[in-house]
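Please examine the sequence and the structure shown below. The briefing that accompanies them is arranged by topic and is intended for a reader who is new to structural description.

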Amino acid sequence: MEKKERIRNKALELGFSKIGFTTPEKIKGDFLLNWLSRGAEAGMAYMRRNIHLRLNPKEIFPPVKTIISLAVNYYPGEVNYRRAKISRYALGRDYHRVMKKMMRRLFGFIRKEFPGVEGRFFVDSAPVLEREIARKAGLGWIGKNTMLITRQYGSWVFLGEIFISLELPPDEPFRENYCGTCNRCIEACPTGALKPYFLDARLCLSYITVEHKGEIPEIYRERNMGWIFGCDICQEVCPWNRKAVKTGLKDFLPRVPPSLDALPSKEEFEGEFKGTPIKRAGYEKIKRLLTLIK
Ligand code: B12
């Protein structure tokens with residue numbers, strides 16, 4: 001069997017939904033520079049650091065010859081939201097941990113099959129333009145809501161990469177774009193954070209609820225639509241997410257209720273949300289946002 005085929009089969013066996021192979025050449029980064037020049041990264045100062053690394057994957061891991069891009073479907077099935085909504089990506093176990101574990105296994109397999117191969121794997125954990133790399137590896141296209149959208153699972157996928165020193169023939173990049181004239185995500189965003197293929201984090205409910213430190217901006221008070229951790233609106237309205245398939249991974253099934261009806265005590269909060277992304281927001285912030293939701 002071809003080398004790529006063996007890796008692909010193992011990845012699917014381990015629970016990955018999609019896999020693609022690409023080369024680590026320099027990425028044309030106009031979109032990143034443009035995004036930063038408009039201040040759209042808001043308070044995420046780390047996005048300004050290491051720009052050269054984001055655009056030059058080889059600088060992250062010089063021996064790299066091939067980047068393996070991996071996607072995992074995390075769609076938790078239908079969610080009945082009430083007040084104080086938690087976005088779907090945060091309902092299950094923390095994806096960083098889950099994906100790292102899966103990637104460690106896949107990399108272990110690669111090393112066994114191809115002795116001497118060196119590598120590194122990342123999920124959000126390095127300055128990597130994960131969506132653009134996934135597109136280049138053929139996994140899907142980048143939609144107007146800036147999400148990487150796959151034909152089979154829509155945009156409900158997490159992304160991760162394994163950089164390896166083994167040279168493999170790259171897959172065809174995804175060149176089509178199936179957003180067409182649809183603008184549902186742009187129209188649905190309650191804060192006007194989205195323009196086609198551009199997201200202004202200063203206005204994004206996901207940024208405000210998850211990343212933002214300090215005083216809660218006025219726009220959140222006015223238009224939070226009930227989101228207290230993350231926001232799924234630009235994905236919920238996407239026609240490509242209509243036929244989403246429920247994840248086959250138990251780790252991503254909801255472990256916590258999707259809506260917080262009342263404020264738990266600090267101890268309850270820390271216990272209940274242990275191991276999920278929401279704990280990272282911290283009790284005080286959730287408590288504050290709960291007083292502001294409509
Ligand atoms: C910073 C960050 C955020 C920020 C900023 C998001 C953003 N759109 O840039 C905030 C906090 C708002 C955020 C929110 C979310 N995030 Co986030 N985030 C990241 C992170 C760490 C970096 C993204 C980045 O580099 N942004 C800078 C911009 C310039 O790059 P970009 O995202 O690739 O988007 C640009 C391209 O789309 C580019 N572009 C590409 N092709 C084309 C083509 C054309 C024609 C044009 C004009 C432009 C264009 O234009 C965009 C500029 O806006 C990544 C992990 C990673 N290391 O990549 C996760 C990541 C993007 N996030 C992820 C997720 C799940 C989310 C949320 C869904 C969580 C939630 N439910 O609340 C939301 C979605 C909001 C949204 N619509 O993007 C996933 C996305 C998976 C996917 N299928 O795309 C990632 C990949 C994490 C992961 N490992 O799975 N996130």
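The following paragraphs and bullet points describe the domains, the ligand shell, the central topics of the sheet, and a few individual residues.

The model discussed here is predicted. Its chain is assigned two domains, namely domain 1 (3-77 + 94-164) and domain 2 (184-292). Both domains give residues to the shell around the ligand, so the ligand lies between them.

**The two domains**

- The C-alpha centres of domain 1 and domain 2 are 23 Å apart.
- Contact between the domains involves 26 residues of domain 1 and 32 residues of domain 2.
- On the side of domain 1 that touches domain 2, the residues divide by class into 14 nonpolar, nine polar and three charged.

**The shell around the ligand**

- There are 35 residues around the ligand, and those that come nearest are Glu130, Leu148, Tyr197, Ser206 and Gly230.
- Two or more residues of the shell are given by each of the elements α2 (30-37), α6 (130-136), β7 (157-164), β9 (198-199) and α8 (205-211).
- Helix α8 gives the most to this shell, with four residues.
- By class, the shell has 23 nonpolar, six polar and six charged residues.

**The four-stranded sheet**

- Strands of a sheet pair through backbone hydrogen bonds, and the pairing may be parallel or antiparallel.
- In this model, four strands form an open sheet with antiparallel pairing, in the order β1-β2-β7-β4.
- Strands β1 (18-22) and β4 (119-122) stand at the edges with a single partner strand each, so one side of each has no neighbour in the sheet.
- From one strand to the next, the twist averages 20°.
- Strand β2 (residues 66-73) pairs with β7 over eight bridges, in the antiparallel sense.
- Within this pair, alanine 71 stands opposite leucine 159 of β7, and threonine 66 stands opposite isoleucine 164 of β7.
- Strand β2 also pairs with β1 in the antiparallel sense, here over five bridges.
- On the β1 side, lysine 18 has alanine 71 of β2 as its bridge partner.

**Strand β2 and its surroundings**

- Is β2 mostly covered or mostly open? It is mostly covered, since eight of its eight residues are buried.
- Thr66, Ile68, Leu70 and Val72 point one way from β2, whereas Ile67, Ser69, Ala71 and Asn73 point the other way, and all of these residues are buried.
- Helix α5 (residues 95-113) lies across β2, β4 and β7, and runs at about 35° to β7.

**Alanine 134, a buried residue**

- Alanine 134 is found in helix α6, one of the elements that give two or more residues to the shell around the ligand.
- Alanine 134 has 28 other C-beta atoms within 10 Å and is therefore counted as buried.
- Its C-alpha atom is separated by 5.5 Å from that of serine 69, although the two residues are 65 residues apart along the chain.
- Apart from neighbours within four places in sequence, alanine 134 is in contact with Ser69, Ala71, Leu139, Gly140, Leu148 and Leu159.

**Glutamate 5, an exposed residue**

- Glutamate 5 is found in helix α1 (residues 3-14).
- With 9 C-beta neighbours inside 10 Å, glutamate 5 counts as exposed, because a residue with 12 or fewer is placed in that class.
- The C-alpha atoms of glutamate 5 and leucine 33 are separated by 36 Å, and the two residues are 28 residues apart along the chain.

**Two residues with positive phi**

- Most residues other than glycine have a negative phi.
- Threonine 146 is not a glycine, yet it has a positive phi of about 70°.
- Threonine 146 is placed in the loop between β5 (141-142) and β6 (148-149), and it is buried, with 20 other C-beta atoms within 10 Å.
- Tyrosine 197 is also a residue other than glycine with a positive phi, near 65°.
- Tyrosine 197 is placed in the loop between β8 (194-195) and β9, and it is partly exposed, with 15 other C-beta atoms within 10 Å.
- Tyrosine 197 is also one of the residues that come nearest to the ligand.

Note on methods:
Residues numbered from 1 in each chain as written. Predicted model: local features only at pLDDT ≥ 70, side-chain atom pairs only at ≥ 80, totals over all residues. Domains from an automatic or database assignment. Contact = placed C-beta atoms within 7 Å. Nonpolar A, V, L, I, M, F, W, Y, C, P; charged D, E, K, R; others polar. Near = placed C-beta within 6 Å. Pairing = 2+ DSSP bridges. Axes fitted to C-alpha atoms, helices over the stretch in contact; angles between N-to-C directions.
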